[in-house]
Amino acid sequence: MTVDVAAEVLFNRRLSEAYNVLGLAAPDVARHARPGQFVMVQRAGEIDPLLRRPFSIFERLVDDEGRVIGLSLLNKRVGRTTGRLYDARPGDVIRCLGPLGQPFTPAPPPADTWMVAGGVGLAAFALLAQSVSAAGRPARLFYGARHAGELFCTELFEREGTTLDLATEDGSAGERGLVTAPLERALASTPAGHDVVLYACGPTAMMRAVSALGASYKRHVEVSLEQVMGCGLGGCYSCVVRVRRPAGGTHFVRSCLAGPVFAGAEVVWEAVGH
Ligand SMILES: Cc1cc2nc3c(=O)[nH]c(=O)nc-3n(C[C@H](O)[C@H](O)[C@H](O)COP(=O)(O)OP(=O)(O)OC[C@H]3O[C@@H](n4cnc5c(N)ncnc54)[C@H](O)[C@@H]3O)c2cc1C
Ligand code: FES
């Protein structure tokens with residue numbers, strides 16, 4: 001069920017000069033949210049920019065008695081709206097429409113869940129780690145960034161029992177290089193009979209590489225695309241993405257309705273921007 005709420009900011013945890021985690025009192029959105037879904041948000045009363053912006057639902061927030069009190073966003077400041085979310089203070093009001101879009105398909109037991117995150121792509125995975133852990137299933141996170149100062153919230157995944165494989169381009173934390181290197185080693189050393197589903201979110205080049213690895217090791221891959229979105233509701237066609245039809249050929253679909261989660265194998269990667 002999609003709702004549009006005026007959500008009060010519960011907290012703003014600054015992680016670096018560009019990243020923060022913003023807690024929003026939006027229990028009605030959080031209660032229905034499934035991993036991989038997103039919200040369209042904007043500061044209340046804002047007209048510049050006019051349009052809301054899409055954000056993955058990072059965590060479902062619960063109080064000490066386990067009651068759902070809201071959700072959090074992992075925000076990277078790149079422009080006007082993300083700048084305002086970075087500067088938001090407790091008590092500010094954010095318009096929040098959601099949950100929207102198609103969620104990740106849960107890995108069918110006994111398949112393991114392997115998440116692959118690059119940079120702010122981590123935002124798609126806290127809720128997935130929470131739900132895999134609640135189901136008593138194992139999860140593994142391959143998480144890459146440029147340097148140690150851009151690896152965030154790892155403790156949150158550890159708390160859910162997720163196994164971490166970290167990589168940084170400069171070698172300041174975890175393995176030096178791209179996160180696809182430890183992923184490929186893990187795929188190569190896992191017997192074919194051991195079922196694994198891969199979930200990727202991050203730079204297009206990384207998701208494309210994960211899809212290619214999944215194809216070579218015969219593993220199902222789901223990616224969460226970050227197409228620019230104007231409405232999030234299917235009305236503006238700003239988010240179209242080219243995908244393969246099961247019967248052959250390709251066509252365009254709206255990422256806000258058909259996605260943002262797609263099977264890696266169905267995406268026509270040459271046609272995906274950035
Ligand atoms: C489904 C989905 C989930 C997302 N989840 C998150 C998330 O959890 N956390 C997060 O920080 N960001 C997320 N994004 C990206 C986020 O929506 C953009 O960074 C945001 O729209 C930029 O808005 P702005 O007003 O701050 O920037 P603007 O002032 O509009 O633009 C500033 C710069 O950001 C670029 N930009 C705008 N939209 C995007 C985009 N979709 N992807 C990449 N660059 C963009 C512009 O081209 C421009 O260069 C998500 C995007 C999608 C589609
Ligand atoms: S964002 Fe408007 S149609 Fe998808």
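What covers the buried residues of H3? The legends below take up this question along with other close-up views of the model, which is a predicted one.

**Figure 1. Helix H3 and its surroundings in the predicted model.** Helix H3 runs over residues 126-134, and its buried residues are Ala126, Leu127, Leu128, Ala129, Gln130 and Val132. The cover over these buried residues includes strand S5 (59-62), strands S8 and S9, helix H4 (154-159) and strand S12. After H3 comes Gly136, a residue whose phi is positive, near 70°.

**Figure 2. Helix H5 and the elements against which its buried residues pack.** Helix H5 spans residues 180-188, and within this helix Thr180, Pro182, Leu183, Ala186 and Leu187 are buried. When H5 is seen down its axis, these buried residues fall within an arc of 160°, and they therefore line one face of the helix. In an α-helix, residues three or four places apart point the same way, because there are 3.6 residues a turn. The buried residues of H5 pack against four strands and a helix, namely S8 (112-118), S9 (139-145), S11 (175-176), S12 (196-201) and helix H6 (204-216). Strands S8, S9 and S12 are also among the elements that cover the buried residues of H3.

**Figure 3. Ligand 1 and the residues around it.** Around ligand 1 there are 21 residues, of which Arg53, Pro54, Leu74, Lys76 and Thr82 come nearest. Backbone atoms also approach the ligand: an oxygen atom of ligand 1 lies 3.3 Å from a backbone N or O atom of Gly79, and an oxygen atom of the ligand is 3.1 Å from a polar backbone atom of Arg80. A nitrogen atom of ligand 1, in turn, lies 3.3 Å from a backbone N or O atom of Glu226. Taken alone, ligand 1 exposes 880 Å², and 77% of that area is buried by the protein.

**Figure 4. The protein chain that frames these views, with its seven helices and 16 strands.** The C-alpha trace of the chain spans about 55 × 45 × 35 Å along its principal axes. A compact globule of 274 residues would have a radius of gyration near 19 Å, and the 18 Å of the protein chain agrees with this. Of the 274 residues, 49% count as buried, while the chain exposes about 12400 Å², of which carbon and sulfur atoms supply 52%. Among contacts between residues at least 6 apart in sequence, 65% join residues at least 24 apart.

Methods:
Residues are numbered from 1 along each chain as its sequence is written. Chains are lettered from A and ligands numbered from 1 in the order in which they are written. This is a predicted model: local features need pLDDT of at least 70, side-chain atom pairs count only at pLDDT 80 or more; totals for chains, interfaces and linings use all residues. Side-chain values use heavy atoms; hydrogens and water are left out. Buried means under 20% relative accessible area, exposed over 50%, partly exposed in between (1.4 Å probe, protein chains only). Helices (H or I, at least four residues) and strands (E, at least two) are DSSP runs, numbered from the N terminus. The arc is that of the directions from the helix axis to the C-beta atoms. Contact means heavy atoms within 4.5 Å. A residue is near a molecule or strand if one of its heavy atoms lies within 4 Å of it. A polar contact is a pair of N or O atoms within 3.5 Å; within protein, one must be able to donate a hydrogen and the other to accept it, and residues adjacent in sequence count only if both atoms are side-chain atoms. Accessible areas come from the Shrake-Rupley method with a 1.4 Å probe; for residues, only the protein chains shown count as cover. The radius of gyration is taken over C-alpha atoms; the globule rule is 2.2 Å times the number of residues to the power 0.38.
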